[in-house]
Amino acid sequence: MGEILFLCHRVPFPPDRGDKIRSHHLLKGLAKLAPVHVGTFAENAQDRAQDPALAQLAASHLLVDRDMSLPKAGLRALASGRPVSLPAFADRRLSRWVAQTLAGRDIDTVVIFSGQMGQYIPEGFTGRVVVDLCDVDSAKFETYAAEAGFPKSWLMAREARLLAEWTAIVGAHLAQHTRPDRLDCTLLISDNERALFRSRLPAGADCDVRALGNGIDAAFFDPVATLEHPDLTATPGPHFVFTGQMDYPPNIAAVERFARAILPRLRETVEARFQIVGRAPTAEVTRLGDEPGVTVWGEVPDVRPFLAAASAVVAPLTLARGVQNKVLEAMAMARPVLLSSEAATGIEARDGEQFTICRDDTAFVAAAGEITADQTRAEAMGRAARAFVMAEMSWEAVEAQLAPIVGRGQGGPHHAA
């Protein structure tokens with residue numbers, strides 16, 4: 001049995017944001033199956049400091065400084081008719097390393113994490129190729145285009161169209177090269193994303209498309225081993241907590257929604273507070289700290305104390321692709337979670353028992369009031385949430401699905417409908 005080449009757009013350490021969490025655990029799972037060679041990018045000093053962690057896990061690796069600025073990538077994309085994300089992650093050093101690794105090592109499987117890394121699929125490679133797209137990025141940009149004003153709307157619509165074409169090319173490439181003795185497939189994070197991706201493939205493309213969900217490290221996110229944040233416990237509540245990357249447009253829209261449309265109605269009857277926790281808050285997020293009852297924390301060393309001190313964790317996203325790690329983390333911490341139907345996608349928990357789905361602002365206000373007024377119910381929902389993710393959504397269960405996908409276990413190649 002040969003070795004594995006793993007190429008991802010961001011260094012998969014530390015696992016502290018959605019894409020890094022997924023790529024980190026995929027890499028760990030692959031490393032249990034075969035020697036893995038990792039090619040990836042660093043964007044800042046923290047990323048560059050992960051070189052020892054990569055060296056410990058990988059048989060060999062290349063960590064490249066990504067020095068292509070977004071404006072420069074945009075100009076190259078406009079000149080070449082490609083989506084911006086391709087030139088943004090194009091690098092000759094990585095291309096050379098991929099070629100050298102394939103020539104010098106017994107690689108029988110290439111795993112690509114994120115669509116822009118599909119440009120490194122080697123021509124003439126006769127082994128397995130697995131592409132983890134996570135979600136359908138083109139659909140995200142379509143939503144951004146619909147919500148933005150000109151000229152941003154034009155740029156977003158262009159990116160959506162070209163990304164759709166690019167991912168269809170990647171999917172068709174895999175379908176074209178699949179043989180009975182070779183497993184080529186595309187992974188999406190949920191059945192909904194899988195169905196959406198298949199609907200955008202060229203007619204007749206018999207591509208193996210599978211859903212591979214996210215998991216949660218319930219041993220790390222353990223309420224018993226976590227102290228509540230002292231600033232929250234010392235301040236009257238209830239406290240509603242949102243965690244996430246705070247320069248990500250869906251997260252920005254979610255916290256603006258809660259701070260401006262939901263929290264004021266809650267504060268009519270109770271001294272509710274909203275804690276926004278996550279790195280890189282934009283100017284509009286920072287300004288929310290001026291709203292009554294809102295605190296913007298920015299990047300923190302550990303989100304667990306904030307989750308432990310939360311009366312409830314909220315996820316009022318109107319645009320959510322795939323499985324939300326923020327929801328799984330809160331559930332593992334045994335907190336009641338109030339979330340939109342979009343944020344619940346891919347998590348087969350029972351509404352009203354293991355979390356509460358709120359379909360509009362009024363429902364969020366009502367659910368928040370009920371959960372803070374009934375501590376017994378809040379604790380029962382938290383216990384049920386943790387029991388659910390421990391039983392159904394562990395990373396060990398996700399890793400177990402990797403073996404047949406990369407030809408190291410039972411099941412072998414098959415074509416998903």
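**Group meeting: overall fold, two helices and one cysteine**

Good morning. The protein before you contains 17 helices and 13 strands. Please keep in mind throughout that this is a predicted model.

I shall begin with the overall form. A compact globule of 417 residues would have a radius of gyration near 22 Å, and the protein has 22 Å, so the two agree. The C-alpha trace spans about 65 × 50 × 45 Å along its principal axes. Of the 417 residues, 56% count as buried. If we take contacts between residues at least 6 apart in sequence, 69% of them join residues at least 24 apart.

Next, the surface and the charges. The accessible surface comes to about 17700 Å², and carbon and sulfur atoms account for 52% of that area. There are 43 positive and 51 negative side chains, and the centres of these two sets lie 4 Å apart.

I turn now to helix H1, residues 18–31. Its 14 residues reach 20 Å from the first C-alpha to the last, close to the 20 Å expected at 1.5 Å a residue. How much of H1 is buried? The count is 11 of its 14 residues, so the helix is largely enclosed by the rest of the structure. The buried positions include charged side chains, among them Asp19, Lys20 and Arg22. His24 and His25 are buried as well, as are Ile21, Leu26, Leu27 and Leu30.

The second helix is H16, residues 375–392. Its 18 residues should span 26 Å at 1.5 Å a residue, and the end C-alpha atoms are indeed 26 Å apart. Buried residues of H16 include Ala378, Met381, Gly382, Phe388 and Val389, together with Arg386. Against which elements do the buried residues of H16 pack? They pack against helix H14 (325–332), strand E12 (337–339), strand E13 (356–357) and helix H15 (361–373).

Two of those elements lead to my last residue, Cys358, which is found in the loop between E13 and H15. Is Cys358 buried or exposed? Its relative accessibility is 2%, and the cut-off for buried is under 20%, so Cys358 counts as buried. Leaving aside neighbours within four places in sequence, Cys358 is in contact with Leu338, Leu339, Ser340 and Ser341, and also with Ala363, Phe364 and Ala367. Finally, Cys358 and Arg377 are 19 residues apart in sequence, and their C-alpha atoms are 17 Å apart in space.

Thank you for your attention.

Technical notes
Residues numbered from 1 in each chain as written. Predicted model: local features only at pLDDT ≥ 70, side-chain atom pairs only at ≥ 80, totals over all residues. Heavy atoms only, no water. Helix = DSSP H or I, 4+ residues; strand = E, 2+ residues; numbered from the N terminus. Rg over C-alpha atoms; globule rule 2.2 N^0.38 Å. Buried < 20%, exposed > 50% of the residue type's maximum accessible area, 1.4 Å probe, protein only. Contact = heavy atoms within 4.5 Å. Areas by Shrake-Rupley, 256 points an atom, 1.4 Å probe, with all protein chains shown as cover. Charge placed at Lys NZ, Arg CZ, Asp CG, Glu CD. Expected span 1.5 Å × (residues − 1).
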